[in-house]
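Visitor: Please take me through one part of this model closely. I would like to start with the sheet and end at the ligands.

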Amino acid sequence: MDLVNHLEGRLLFAVPKKGRLQQPTLDLLSGCDIQFRRETRLDIALVKNLPIALIFLPAADIPTFVGEGRVDLGITGRDQIAEHDVRLPEAEISGVEEVLDLGFGMCKLQVQVPEKGSITTASELVGKNVVTSFTALTEAFFSKLEGTDGANTKIKYVGGSVEAACALGVADGIVDLVESGETMKAAGLKAIDTVIESTAVLVKSRNTKNKLVDLIASRIRGVITAQKYVLCQYNVPRAKLSTAKRITPGKRAPSVTALEVYGWVAVSAMVLKKSIANVMDELTAEGATDILVLSIENSRTDEEMPPE
Ligand SMILES: Nc1ncnc2c1ncn2[C@@H]1O[C@H](COP(=O)(O)OP(=O)(O)OP(=O)(O)O)[C@@H](O)[C@H]1O
Ligand SMILES: O=P(O)(O)OC[C@H]1O[C@H](OP(=O)(O)OP(=O)(O)O)[C@H](O)[C@@H]1O
């Protein structure tokens with residue numbers, strides 16, 4: 001089948017073809033009931049149940065395709081968007097518009113130097129050799145270092161294994177992504193500054209007119225919300241209701257229903273998964289009973305969520 005001829009009329013959605021963002025992205029698509037089968041070695045997959053085609057691209061190239069309007073939607077790291085946008089001429093507005101923070105792929109782009117070396121600040125790297133996969137952000141970072149002429153710093157591109165550059169004598173420092181810090185530690189490096197913090201984002205092309213963009217964004221938002229929150233149900237004496245409402249304020253407000261027992265109410269509210277244990281302790285201390293925590297399979301809510 002000539003897939004390219006089947007793209008007509010479909011929303012084009014760029015997703016990472018490999019690397020750290022790929023599996024969480026595929027999980028998200030599955031949660032949105034976006035069904036497809038990717039043939040071996042093919043970078044295009046037609047979605048069976050929606051007029052969408054998935055285009056598998058390197059995370060670093062997705063901002064270019066979205067920015068130029070070649071694809072309507074994309075998922076990549078905010079670091080990649082920043083690297084793309086910082087290259088644009090000053091007066092040009094980026095064609096890449098962020099729609100949604102996806103909450104995975106958290107990492108920091110950091111300036112790193114040998115742990116045992118003499119350099120302790122990024123300014124001391126000015127004029128020296130710095131190796132990175134993010135040359136535009138690194139150039140902008142060193143150019144802005146106050147009171148120094150960062151533009152003189154020699155910035156070299158490498159596509160991967162950036163952390164090896166110092167040990168091999170290619171660089172005095174590197175600018176690379178850090179998440180757990182394991183890679184940095186194993187290479188005998190330490191972080192001395194942060195260029196940008198990143199998470200995966202859903203982005204759209206500024207000029208896309210495809211109506212499915214909003215539908216997909218809404219489905220993705222629903223899945224992310226479902227992953228982040230649980231539904232907490234409990235019974236509490238009416239006299240304690242105002243305190244209980246402060247503990248579980250819910251989205252707009254908690255649902256409260258009268259119980260068939262005088263003086264008691266049943267409360268139901270969305271609670272952040274990461275704080276549910278504390279919330280249960282607090283509710284118990286206030287006399288709540290029969291506290292149940294239910295996972296949320298999927299959701300469709302507006303953007304206002306309970307505070308994190
Ligand atoms: N250790 C990490 N933890 C979390 N997110 C990361 C990590 N490393 C990278 N990312 C995110 O994933 C994006 C893609 O990085 P990744 O290293 O997976 O790229 P890749 O497409 O496989 O390319 P490469 O061939 O350069 O490794 C990064 O831009 C960043 O947003
Ligand atoms: O802080 P950590 O949890 O150790 O993660 C950081 C590492 O992850 C990324 O590389 P990746 O492993 O994706 O491969 P790459 O070097 O080929 O880009 C990044 O470039 C770091 O090397």
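Guide: This is a predicted model. Start with the open sheet. Its six strands follow the order 2-3-1-4-11-5, and the pairing is mixed. Strand 2 (44-46) and strand 5 (96-101) form the edges. Each has a single partner strand, so one side of each is left without a neighbour in the sheet. From one strand to the next, the twist averages 30°.

Now move inside the sheet. Strand 1 (residues 11-16) and strand 4 (residues 73-77) run parallel, joined by two bridges. For a register mark, take Ala-14: it stands opposite Gly-74 in strand 4.

Next comes the helix on this sheet. Helix 7 (residues 212-228) lies across strand 1, strand 3 (52-57), strand 4, strand 5 and strand 11 (200-205). Against strand 5, helix 7 runs at about 30°.

Turn to another set of strands. Strand 7 (residues 129-132) pairs with strand 8 (residues 154-157) through four bridges, and the two run parallel. Here Asn-129 faces Lys-154 of strand 8. Strand 7 also pairs with strand 9 (residues 173-178), again in parallel, through three bridges. In that pairing, Val-130 has Gly-173 of strand 9 as its bridge partner. In general, strands of a sheet pair through backbone hydrogen bonds, parallel or antiparallel.

Strand 9 leads on to ligand 2. There are 14 residues around ligand 2, and those that come nearest are Gly-160, Glu-179, Ser-180, Glu-182 and Thr-183. Strand 9 and helix 6 (182-186) are the elements that give two or more residues to this shell. By class, the shell of ligand 2 holds three nonpolar, six polar and five charged residues.

Finish with ligand 1. Its surroundings count 19 residues. Gly-19, Arg-20, Ala-59, Gly-77 and Glu-179 come nearest. Glu-179 is thus listed among the nearest residues for ligand 1 and also for ligand 2. Gly-77 belongs to strand 4, whose range is residues 73-77. The shell of ligand 1 divides into seven nonpolar, eight polar and four charged residues.

Where does ligand 1 sit with respect to the domains? Domain 1 covers 3-103 + 200-210, and domain 2 covers 107-198. Both give residues to the shell, so ligand 1 lies between them.

Methods
Residues are numbered from 1 along each chain as its sequence is written. Chains are lettered from A and ligands numbered from 1 in the order in which they are written. This is a predicted model: local features need pLDDT of at least 70, side-chain atom pairs count only at pLDDT 80 or more; totals for chains, interfaces and linings use all residues. Two strands pair if DSSP finds at least two bridges between them. A residue is near a molecule or strand if its C-beta atom, placed from the backbone, lies within 6 Å of it. Ala, Val, Leu, Ile, Met, Phe, Trp, Tyr, Cys and Pro count as nonpolar, Asp, Glu, Lys and Arg as charged, and the others, Gly among them, as polar. Domain bounds come from an automatic or database domain assignment. Axes are lines fitted to C-alpha atoms, for helices over the stretch in contact, and angles run from 0 to 180 degrees between N-to-C directions. Two residues are in contact if their C-beta atoms, placed from the backbone, lie within 7 Å.
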